[in-house]
Amino acid sequence: MTEAPRSTTGDESPAISPFLETMPEPVAARLDEVLQPDEEVRVRVTADLMDGGEYGSRWLVLTDRRLFSLSPGDGDGLVQLPLDQVGEVRTLELVGGGQLEVDRREEAPLTWRYSGSLVPRFVEVAAGIRQLAKQETLTLPTEIERTRCDQCGRFLPEKDGLCPFCIRKWDTLKRI
């Protein structure tokens, strides 16, 4: 089980898992206003597509009690959902990415859209939301498949592979 720090920014400790991203200060401050003192942040990830399909960030924060959706620069773009109000949780495949949907009992579902490189992460996040909603222990992997190069951000030819653009060809030639 991955344990998460209480702070929402993530600046005070190294990344514990791929599910605890560092939040921008204005978004973290807004979340800190509504978190209860003993509420523990378990998942903090950002989706990279907005509802209209344009690039932007929309945060998903999962605590031991609630699920939050935050959009930077969206005024009061904070939506919170107690875990006992979570209905069905599903991921949908879309062209070039995906969408995570969380059904709410009396309102439209919460959605997060993301590009193809974030699909493995959001599949695991959906499983984590289901686990906490059922009051089970949260278990998330410590690593997820890499589909993009850590240095240049290009897609890798194969999952967890080497980036042909970042390989130092001279070093390879010297080894031969």
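**Entry 1: Leu100**

I began with Leu100 in this predicted model and listed its contacts, leaving aside neighbours within four places in sequence: Leu60, Val89, Arg90, Thr91, Leu110, Thr111, Trp112, Tyr114, Phe122, Val125, Ala126 and Ile129. I then looked up the core around it, and found that the largest nonpolar core holds 24 residues, of which Leu60, Leu100 and Ile129 touch the most other members. At least two residues of this core come from each of strand S1 (41–49), strand S2 (55–63), strand S5 (86–94), strand S6 (97–104), strand S7 (110–115) and helix H2 (119–133). H2 gives the largest share, five residues. I also noted a second, separate core of 13 residues, with Ala28, Leu35, Val41 and Phe68 among them. As background I wrote down that nonpolar side chains in soluble globular proteins tend to be buried together.

**Entry 2: helix H2**

Which residues of H2 are buried? I found Pro120, Arg121, Phe122, Val125, Ala126, Gly128, Ile129, Gln131 and Leu132, and the elements that cover them include S1, S2, strand S3 (66–70), S5, S6 and S7. I checked the length of H2 as well: because a helix is expected to advance 1.5 Å a residue, its 15 residues should span 21 Å, and this agrees with the 21 Å between its end C-alpha atoms.

**Entry 3: Gln135**

Just after H2 I came to Gln135, which lies in the loop between H2 and helix H3 (169–175). Gln135 has a positive phi of about 60° although it is not a glycine, and I set beside this the general remark that most residues other than glycine have a negative phi. Is Gln135 buried or exposed? Its relative accessibility is 75%, and since exposed means over 50%, Gln135 counts as exposed.

**Entry 4: Val34**

I turned next to Val34, which is in helix H1 (residues 25–34). Leaving aside neighbours within four places in sequence, I found Val34 in contact with Glu39, Arg66, Phe68, Leu78 and Gln80. Val34 and Phe68 are 34 residues apart in sequence, and their C-alpha atoms are 10.0 Å apart in space; Phe68 is also one of the residues of the second core.

**Entry 5: confidence**

Last, I looked up how far the prediction can be read. The mean pLDDT of the protein is 82, and 89% of its residues reach 70 or more. Over residues 1–15, however, the pLDDT is below 50, although this stretch has 43 contacts in the model beyond near neighbours in sequence. I reminded myself that predicted coordinates should not be read in detail where pLDDT is low.

Technical notes. Residues are numbered from 1 along each chain as its sequence is written. This is a predicted model: local features need pLDDT of at least 70, side-chain atom pairs count only at pLDDT 80 or more; totals for chains, interfaces and linings use all residues. Side-chain values use heavy atoms; hydrogens and water are left out. A nonpolar core is a set of buried Ala, Val, Leu, Ile, Met, Phe, Trp, Tyr and Cys residues joined through side-chain atoms within 4.5 Å. Buried means under 20% relative accessible area, exposed over 50%, partly exposed in between (1.4 Å probe, protein chains only). Helices (H or I, at least four residues) and strands (E, at least two) are DSSP runs, numbered from the N terminus. Contact means heavy atoms within 4.5 Å. pLDDT is the predictor's confidence in each residue, from 0 to 100. The expected span of a helix is 1.5 Å times one less than its number of residues.
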